[in-house]
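Biologist: Please take a close look at one part of this model, the pairing of its strands, and then place that part in its wider setting. I should be grateful for explicit criteria throughout.

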Amino acid sequence: MSQQPRRRPSKPYRRPQKDPVRILAFEALRAVDERDAYANLVLPPLLRKAREHEDFDTRDAALATELVYGSLRWQGTYDAILAQCVDRPLREVDPPVLDVLTLGAHQLLGTRIPTHAAVSASVELARVVLGDGRAKFVNAVLRKVAAHDLDGWLERVAPPYDEDPEEHLGIVHAHPRWVVSALWDALGGGRAGIEDLLEADNERPEVTLVARPGRSTTDELLAAAGEDSALPGRWSPYAVRLAEGGEPGALDPVREGRAGVQDEGSQLVALALANAPVEGTDRAWLDGCAGPGGKAALLAALAAQRGAALLASEKQPHRARLVARALDGNPGPYAVIAADGTRPAWRAGAFDRVLVDVPCTGLGALRRRPEARWRRRPEDLDGFAPLQRELLRQALAAVRVGGVVGYATCSPHPAETRAVVDDVLKGRGGAPVAAEWVDARPLMPDVPALGDGPDVQLWPHLHGTDAMYLALLRRTG
């Protein structure tokens with residue numbers, strides 16, 4: 001009688017281990033992908049909810065933040081690497097699976113997490129959020145990713161610089177090719193400058209505060225943060241830079257609305273407009289694109305010190321409410337309205353100073369919104385162009401003769417900056433406007449590398465700010 005072969009005892013089923021840090025990071029990536037949300041809006045409420053549990057500490061929050069921002073920032077580069085490790089076109093991989101793979105790739109290639117820990121933690125995450133079957137796929141792919149470090153992979157997936165410099169820089173520095181091309185055109189110069197800019201885009205930006213004049217001071221902010229946790233701003237007299245991990249909302253002046261979070265570049269734009277020389281009266285100011293309210297709050301505080309009044313206008317009602325919240329408590333006269341700047345709710349020539357910080361591609365804030373680099377398309381420029389020009393035309397109509405308009409945008413793309421101003425002044429697409437350039441450079445004292453003027457382009461790698469653009473124009477007729 002033949003003996004039956006012995007059957008191996010099956011391994012007992014092991015429940016997947018839930019890792020709150022990686023589950024939170026996965027949920028954030030899903031929200032960004034499914035809802036076109038921004039990580040800087042999605043992540044804070046997720047972190048607040050997680051902190052309600054005693055076992056989720058500051059280190060966990062820091063790791064979750066790094067996993068989310070790092071995965072989004074390097075998404076294009078990781079896609080190129082993962083495409084070499086998957087046996088099908090990457091677009092055929094289910095998006096939730098791809099999110100887990102991207103989180104795993106970032107742990108392997110962009111952090112100091114040991115290889116075995118990065119793979120096993122990613123597989124456990126896949127078991128929890130995807131199921132055991134797809135976890136095996138994640139395991140197989142990430143073991144291939146782990147075969148090389150980031151430099152090794154870049155040598156394999158990026159073309160040589162001499163053959164295709166824009167594609168090379170795009171993969172090595174995690175920017176779409178068209179964005180590399182646009183930034184390079186705006187910056188000018190050779191390889192070193194564009195590489196410095198792309199590297200700066202991939203650094204985590206400092207949290208910068210603004211002490212709203214007459215309501216708070218930088219000394220108060222520095223004292224509230226603690227001498228080891230904050231530094232004065234580089235350029236703005238109202239700026240304070242928080243050390244990494246600083247919590248703005250924990251500071252009394254911020255919580256009470258007397259100070260706020262605001263990039264130093266945005267502060268410089270508002271200050272330049274406020275300090276530009278005007279002829280005649282200086283009583284009525286307008287912020288024509290005021291949401292979410294940072295520049296409006298600074299302008300309102302400055303206006304109050306001079307006995308001037310600010311009208312803050314924002315087209316979207318929910319953003320107008322954010323503006324009202326930012327201005328709440330301002331000591332001087334102000335008003336907030338929900339109105340379309342291309343269809344003015346005010347009479348022509350009513351203002352002495354007007355700011356329009358126009359909607360744009362946001363290519364100047366890629367440090368803060370890393371997902372925007374992969375979300376934007378070249379055709380978006382055409383979508384914004386008519387609106388940007390009309391907002392500037394209406395801003396020039398709103399200011400009186402001798403008054404000043406500031407055209408600002410958080411993009412260095414030439415199509416959103418100088419080209420808009422030139423078209424409006426020369427009457428392309430509308431009647432010519434009687435206005436002259438005002439040199440903005442003297443209005444940003446001590447700030448270096450401001451270019452040939454009369455407009456100003458700020459840069460992350462040169463100034464430590466977002467890439468804000470400002471043109472100042474004086475109405476002449």
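**The open sheet and its surroundings**

Modeller: L209 has V240, in strand 3, as its bridge partner. The model is predicted, so local features need pLDDT of at least 70 and side-chain atom pairs pLDDT 80 or more, while totals for chains, interfaces and linings use all residues. Numbering starts from 1 along each chain, and side-chain values use heavy atoms, without hydrogens or water.

Strand 1 (residues 207-211) and strand 3 (residues 239-242) run antiparallel and are joined by four bridges. Both belong to an open sheet of four strands, ordered 2-3-1-4 with antiparallel pairing (strands, E, are DSSP runs of at least two residues, helices, H or I, of at least four; pairing takes at least two bridges). At the edges are strand 2 (230-232) and strand 4 (259-261), each of which pairs on one side only. With direction ignored, neighbouring strands of this sheet are turned by 30° against each other on average. Helix 14 (residues 264-275) packs on the sheet and touches strand 1 and strand 3 (contact is heavy atoms within 4.5 Å). The direction of helix 14 makes about 30° with that of strand 1 (angles between N-to-C directions, 0 to 180 degrees, from lines fitted to C-alpha atoms).

Turning to the wider setting, the largest nonpolar core comprises 59 residues (buried Ala, Val, Leu, Ile, Met, Phe, Trp, Tyr and Cys joined through side-chain atoms within 4.5 Å). V68, L109, V138 and V145 have the most contacts inside this core. Helix 1 (residues 20-35) gives the most to the core, with nine residues. V138 touches V97, V100, L101, S122, A126 and L130, when residues up to four places away in sequence are not counted. A second core, separate from the largest one, has 42 residues, including V269, A274, L298 and L302.

L101 and L109 also take part in the contact between two helices. The axes of helix 4 (residues 75-83) and helix 5 (residues 95-110) come within 10 Å and cross at roughly 100°. Helix 4 supplies Y78, D79, I81 and L82 to this contact, and helix 5 supplies L98, L101, T102, A105, H106, L109 and G110.

Finally, Q316 lies in the loop between strand 6 (309-314) and helix 16 (317-327). With a relative accessible area of 36%, Q316 is partly exposed (buried is under 20%, exposed over 50%, partly exposed in between, for a 1.4 Å probe and protein chains only). Q316 and D340 are 24 residues apart in sequence, and their C-alpha atoms are 8.2 Å apart in space.
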